[in-house]
There are 2 protein chains.
Amino acid sequence: MTELPPPTLDDATRNRAELALCGLMAYRELTAFERLSSDARFSPTIIDRVALARLAVHEFGHYERVVEVITARGAEPADSMEPFVASIDALHDRTRPGDWYESLMKAHVIDSVSGDFYVAISRGLDPDIRRLVQEVQALDEQNKWLHERLQEALQEDPRLASRLALWGRRLLGEALTQARRIAESGLFNDALITPDGEEPLSVLFSELVENHSRRMAALGLTA
Amino acid sequence: MTELPPPTLDDATRNRAELALCGLMAYRELTAFERLSSDARFSPTIIDRVALARLAVHEFGHYERVVEVITARGAEPADSMEPFVASIDALHDRTRPGDWYESLMKAHVIDSVSGDFYVAISRGLDPDIRRLVQEVQALDEQNKWLHERLQEALQEDPRLASRLALWGRRLLGEALTQARRIAESGLFNDALITPDGEEPLSVLFSELVENHSRRMAALGLTA
């Protein structure tokens, strides 16, 4: 994504794309909080439950940060989130984890793919929005924990590998389908168009897939 | 409860009761977090969802505070929580809210009754534990929000009143049954016995019921 020159946007278009991106991030973080904290109950141990709960609380903190920005811009958070409610709810409904490990994997895959997607959208946007995106996606510590916990689980029970690899591919497919739908919704079109006329979606999508494969390989899974 | 003189406990008994109380509070706060945040999804509006989510995050903060105290005393949080897991899980399973309003009511009733119960147990315990109990139960702001939101809902739809009054009585019954079971478990017996030989459980229970009735009356509901 970094190879593409950022698009030049007029003020109205940029402002619209910025609010839309904030609404998208806010609703995703809010629902990630709700789903993760519900899933936490199915954790194998209390320690794991708490770890997942802490992750969820972290996502809620991101939600509150994004909402601050929306409000500071004079917009209504509920209005900004509204265009994304149906599609994000549908994504969650189509990706209900069957157990705690699938829940970890979902957090790992969907958070990462979404993060990459937000970064791509924000390329031509204001520096403060790009910083917000970085902040919301500053999941280093959590992703490290998710990665290590998944690795540990895979070592303890090698039969998990094929199930989680399959689940990872399904999650990627769902995340990409949603990203494409959002990219084509018209809310971000201009923000995703490059000045040299290159078709940025194909570049973006191949990069999303590549990053995903690298993460799966790091877990010893076939992407 | 304040009328009863606090019991005098030897160090070992007091220490045991303190760790048990911390374990009880920790597990209750953790599960309150999990249940509230799951219920949040069924809220009528995004604003209500966020309010319930924020309440849940608050409970998780309490959990972390209590766990700090357990750890500082050299105990293992999971061990301290263990004696309460089955009964608290069972309480939650028997009190699954049918909708968002029942979820609000559950938070309101169970948090309040539990708080009164913790205060009663902590009478003869160390000042730092009594402060911790106060902190965990410092739900003033949340209880105010819960109260106002319930009041608003009852005004909008008067048919809610009989349903929520019935639900409130069921919640009280379940909470008292659990409190009695915990009081009789032997973990807190000494902490709940007064020096003048008065049977403190009956005093405690009538006070729990009285406080509950006052809260229901404040909502215009028949307790």
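## A tour of the interface between chains A and B

Put chain A and chain B on screen together: about 2,100 Å² is buried between them, and carbon and sulfur atoms give 62% of that area. Keep in mind along the way that this is a predicted model.

**First stop: the residues in contact.** Select the contact residues and you will have 23 from chain B and 23 from chain A. Are they matching sets? For chain B, 100% of the interface residues are also interface residues in chain A, so the copies meet through the same surface.

**Next: the charged and polar links.** Four salt bridges cross the interface of chain B and chain A. To visit one of them, show the side chains of B:Glu64 and A:Arg54, which pair at 2.6 Å, N to O. Between the two chains, eight residue pairs are in polar contact, with both residues at pLDDT 80 or more.

**Then: colour chain B by element.** On the side of chain B that touches chain A, the elements giving two or more residues are α1 (11-39), α2 (46-72) and α3 (77-94) of chain B. Which of these gives the largest share? That is α2(B), with ten residues. Recolour this side by class and you will find 13 nonpolar, three polar and seven charged residues.

**Last stop: the axis.** Superpose chain B on chain A: a rotation of 180° does it, with 0.0 Å of shift along the axis and an RMSD of 0.0 Å. That is the relation of a two-fold axis. To find where chain B comes nearest to the axis by C-alpha, select B:Ser38, whose C-alpha lies 2.5 Å from it.

Conventions: Residues numbered from 1 in each chain as written. Chains lettered and ligands numbered in written order. Predicted model: local features only at pLDDT ≥ 70, side-chain atom pairs only at ≥ 80, totals over all residues. Heavy atoms only, no water. Contact = heavy atoms within 4.5 Å. Buried area = accessible area lost by both parts, 1.4 Å probe. Polar contact = N/O pair within 3.5 Å; in protein donor to acceptor, adjacent residues only side chain to side chain. Helix = DSSP H or I, 4+ residues; strand = E, 2+ residues; numbered from the N terminus. Nonpolar A, V, L, I, M, F, W, Y, C, P; charged D, E, K, R; others polar. Least-squares fit on C-alpha atoms with pLDDT ≥ 70 in both.
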